[in-house]
Amino acid sequence: MAMEGMGVLGGAPRFLRFPRPVRVVSGTDAILRCCLTGSPPPTVLWEKDGQALEASSRLRLQTEGAEHSLLVRGAGAPDAGVYVCRAQNSSGEAYAAAALTIQEQPPDAAPIPAEGSSNSAEESPSSVPLRGPLPLARTLSPLHTASTCLSSEPAQTHTLPQGIPGLLPEPLGGSPMFLEGPQSQWVQQGEEVVLTCRVRGQPEPAVHWEKDGRLLEDIWESSHFCLAEGPVGAGVHELRIRGIRLPDAGVYVCHASNTHGHVVAAALLQIQPSPDAPLGSPRQAQRDSAGQGSPAPKSFWVSEGKHAKFRCYVTGKPEPETEWHWEGHPLSPGRRRLLYRDRDGGFVLKVLYCQPADCGLYVCAARNTAGHTLSAVQLHVREPRVRFAVPLEDVEGEEHGDAVLECQVPSRGITTTWYREDQRLLPSPKYEMGEAGVIRRLIIHDLEADDDGIYLCEMRGRVRTVATVAVRGPIRRRLPRKLDVLEGENAVLSVEVGEAEVLGHWTRDGQELPASPRILQTSSNHTHTLVLVGVTRQDAGVVTFSLGPSHTSSRLRVKCVKQVPPGPPVAVELGTGGSNAALLSWKPPVPTPDTAYSYRLERQEVGTDAWAQCLTTEAAGAVEVPGDSVPTEGDYRFRLSVVSEHGQSPYILFPGSVHLVPTARVQRALQDVCVREGDDATFFLELSTAVQGTWFLNGTELKAGGPESQGYLVQQQGTQHNLLLRATRLQDSGTLVTFLCPGVHVSATLHVQEPPVRIVLPQEKVSIEAMSPERLVLTCELSRAGAPVHWYKDGLEIEESKALILENEGLQCRLVIPAAQPQHGGEFVCQAGEDSAFFMVTIKEPPVRIIFPQEEVSVAAESSERVVLRCELSRAGVPVLWSRDGMVVKESDSLVLEREGPCCLLTLPSAQPQDGGRFVCEAGDNLAVFNVTITEPPVRIVQPQDEVFLTAMTSERVVLMCQVSRPGALVGWYKNGMEVKESKDLVLESEGLQHRLVLPAVRPQDGGEFVCSTRDDSAFFTVTVTDPPVRIISPQDTVSVAALSSEPVVLMCELSRAGAPVRWYKDGLEVEESKALVLESEGPHHRLVLPAAQPQDGGEFVCKAGEDSAFFKVTITEPPVRILFPQDEVSLAAVSSERVILMCELSRAGAPVRWYKDGLEVEESEALVLESEGPHHRLVLPAAQPQDGGEFVCDAGDDSAFFLVTVTAAVQVPWSSGASL
């Protein structure tokens, strides 16, 4: 076993072609062959029953390059068994096995060379017949070699020396047809599987099997596979596989072929691994291998984001089971790990877009019943110097949802590119790309199953970050985006769905897949599989699997296989097999081509450059080329090449040349000649070779090269011979013409016929025009009298009648039409023998005239009236053309065309205004003109008859309706003399006779005079729009407001709508706004504000809006007056005549104050003075007297101050004094 990394091939041995099972008759030689390669060249050993075989008189071991063989001479029963070819070199080991079966020969049977025997490899030329192409260019299975069918095409049958004939074609029969094909199966590992098919055809078809494009015998194991047939003629064939193994999974194709065709039937075999049969731990196997001195695992480096590919090539029989492991864990296919087998049989593990987490030990482990082996490699991922600051992370999304991928670059300004695997993504409605600083974001909209995959963000230097997007939906595992298949291989496409046993749908390029035995559609549990057997270029396209609204697609690409053409034949020899013949012999090319091939033999005359093909055969050996096969006598040499479907080998030239003389044979025979009297007669024949010959005329030899006066000319050009007899006569008819040369004696007869009759006049086509009912005569003059003449009209032979008379007089033949009519016109032909005269006859009617009207007619009518235009012609039956305004009219329900003898009528049953115009009746060259005018009846307004006055409140819906006298009349609406335009505020409606103007929400400005006007009448509407009466919502009752002096007072009134005028009144008089009284409005709210109310501002206020009013009772009171000083009762003593002052200070100025003395209010006099200054009030007694004493009170409403005054008589002293307070 060998391991390969990144496509670097290893040098371990591997088989290019495995040894095939061989079955021979006892006593004949058997040969086992295989082809293998390796570096260094491997050592090859043959084994049987575990024992190495050595060369002896009976065993011969041969090596020719990559070809290795084992020859067993005179094989007998002890030689039967399994032979193993084992190849070893320093890089590894490979082995393969094949079975040798010995059959006992019946006593009365001749030895039969069998497949693989030395007799078949070295057949003598005398024992090899020419063979046609085999149905398939492959050897049939061991159980079916006896039914191998050879066929031949007649064109490939050749004469062979020593009595070897070509094969005759098979009798006609039936092409192969499958009555029952093998069935696809899903089985458990270790079970037994039987694939059965039933086929019919005549002759009985040969059947063989192949697996995954390889013949079953290439992998044949008698203990594992078993082929069986049913009763003779039943056409039943079975392939039985015992103890099914994982490598047995694949596509099995049953081929059936006979001489009439080839058909196939296929089945897909899928195997569920058994949990009881693991391959074992690769770590244990690695320790075992290390203990045996195996080399350490190879190291493999890959840059981050690149792919790593490991290839493990394992050979052996039985075919090994192979499994990949990573760090001791079995690997299964995934989005970034692909596991598959390549076309060369290698097991490949491909790690996509490697990440550091992918580092580790990868082991390929294989085993079969003969043992186990493994190969390992250590993967290292080289990280870039510059990395993404934040890499992408794997995301999941629901189908038809969105998925967001986000990463961060190291710094701003770095450009990035997004990829889905190897496809670059561009901004689109599907892919939204964004940048924000160092953040890079990709949003995938409307997720589908095919959006599942690997996404990359790449910055300069191909530095990448990788993430997977998993789409959750009905389809769990999608199809690969593309699948490359070689032409002829099988294509297998598989998907996995979420629900078991659901019905999926396969298409290609949007079309249904055609029913064909080459197309398999299988489903098992969650897996749906499509198999295309033996793909062709026509199978290429986009294959889609659909499950409801979900679908996944794959582009299938079919590539042509580049094949190596076969090698040339060997051991070519040229001899003379007898007189006038060449004997050619050769052997097959080495190595023998794997596909069907044939030999192409060509000849060349010495001294010339051209090569000509002699024959094609499929059998090597000997062939005789007789002198009869060459065109001319001369010396010839030969060359040979091998041709297969893969191309053609170089030519191999046979040594020497041979002289060949052809024998003349008639290739194109001499024929009787029939000519007209006076014409030349030519006799012609062609021979197989160029030889001299002699012509005889009624036994008289004709000399070549004589004078032209002899009346004949003899010519020869190569193999062609000609005799020209000039100006033959009637008496020459029956002359016998004979040609003689060695080996050829042929004769023919000359037949001379009378010259054909000819038409002398007319020589050219004659055109005749006549008026109905003139007499018309067509005359034809012949070259001789009495010749039969036939007349034809428009291709039909004429029969004589009263209207058509045929006359003959000497050389003249006449056709007479006594009274020509238009229907008599056409092409007339006078045919005499092979000559014809043509007459083109045209019969015209006399010109038609319009009798009435002679002048232009004007017709006026109202709408819906019946209008009839009448035109009378000079005669009936003449076609008439009616037109209106220059256009040809067409008959319909609204326009009827009628004819009454010579009268032509155009009727408008119910004329409409659009039906008016200039009508013309055209008959021949005459015209009649009618000017038709259709007017509508006047449109009257039925309702209203009088002017309508309409009053509406603002915002109400107003409808103005006008009913006219007939429907469809044009109506216009006007407002204040101007035509109105429709809008959302003014809608125009029409229904039958009624027309409406609708104001959905009328406004004051919508008022005015509206007019509904037709062409003939009008209706008037006067619309008045008034606002609805304003109401005071708040307050509903009289409001009493009390406030202290200087406080602000606000009276508020809320109306039913904004903008209504409001007036304020106080005590019945309308107020005027000033600094002391402010009026405000805000929407429906109105306010009267007294910023600093004074007692005089009090009173009854009224807010009046329309007919509604709100009342307010406002009372403004001063604040209570307080006496600040004195706070306590004051006692004052004075002496008579002193000035006494009682002073009181109030809390505010202007407050009224009253003074009392002993309970009585004082009155101001000369003896008692009252003074006031601001908040200060004084009572002054200028000259107090004892009687002025008593209790004084200063009363300020809410407060009082008390003074107790005592005045005593004055005592005379030298000074005076005064007291005051």
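Which residue takes a positive phi in the hairpin of β24 and β25? Gly345 does, with a phi near 90°, and the hairpin has five residues between its strands.

## Ground rules

This is a predicted model, so local features need pLDDT of at least 70 and side-chain atom pairs count only at pLDDT 80 or more, while totals for chains, interfaces and linings use all residues. Residues are numbered from 1 along each chain as its sequence is written, and side-chain values use heavy atoms, with hydrogens and water left out.

Helices (H or I, at least four residues) and strands (E, at least two) are DSSP runs, numbered from the N terminus. Two strands pair if DSSP finds at least two bridges between them.

## Around strand β25

Back to that hairpin. Strand β24 covers residues 337–341 and pairs with β25 in the antiparallel sense, over five bridges. Here Arg341 stands opposite Phe347 of β25.

Phe347 has a bridge partner in β21 too, namely Cys312. Strand β21 (residues 308–313) also pairs with β25 in the antiparallel sense, again over five bridges. As for β25 itself (residues 347–351), four of its five residues are buried, so the strand is mostly covered, where buried means under 20% relative accessible area, exposed over 50%, and partly exposed in between (1.4 Å probe, protein chains only).

## A loop valine

Val386 sits in the loop between β27 (371–382) and β28 (395–398). Its relative accessibility is 45%, so Val386 counts as partly exposed. The C-alpha atoms of Val386 and Val409 are separated by 9.6 Å, and these two residues are 23 apart along the chain.

## Cysteines

How many disulfides does the structure hold? Zero, taking a disulfide as a pair of cysteine sulfur atoms within 2.5 Å. Cys903 is in no disulfide: the nearest cysteine sulfur belongs to Cys904 and is 7.5 Å away.

Cys903 counts as buried because its relative accessibility is 10%. Cys741 comes in at 11%, so Cys741 counts as buried as well.

## The four-stranded open sheet

Further along the chain there's an open sheet of four strands, ordered β90-β92-β96-β95, with antiparallel pairing. Its edge strands, each pairing on one side only, are β90 (1032–1034) and β95 (1078–1082). On average, neighbouring strands in this sheet are turned by 30° against each other, direction ignored; the axes are lines fitted to C-alpha atoms, for helices over the stretch in contact, and angles run from 0 to 180 degrees between N-to-C directions.

Edge strand β95 is joined to β96 (residues 1085–1090) by five bridges, and the two run antiparallel. Glu1080 has its bridge partner in β96, and that partner is Arg1087.

## The five-stranded open sheet

Another open sheet has five strands in the order β100-β107-β106-β102-β103, and its pairing is mixed. The edges are β100 (1130–1135) and β103 (1160–1161), each pairing on one side only.

Six bridges link β100 to β107 (residues 1200–1208), and this pair is parallel. Ala1133 finds its bridge partner in β107 at Thr1206.

## A nonpolar surface patch

Leu1124, Phe1125 and Met1143 form a nonpolar patch on the surface, with about 250 Å² of accessible area together. Patches are made of residues with over 30% relative accessible area and no salt bridge, with like charges joined within 9 Å and nonpolar side chains (Val, Leu, Ile, Met, Phe, Trp, Tyr) within 5 Å. A salt bridge here is a side-chain nitrogen of Lys or Arg within 4 Å of a carboxyl oxygen of Asp or Glu. Accessible areas come from the Shrake-Rupley method with a 1.4 Å probe, and for residues only the protein chains shown count as cover.

Leu1124 belongs to strand β99 (residues 1123–1125). With 41% relative accessibility, Leu1124 counts as partly exposed.
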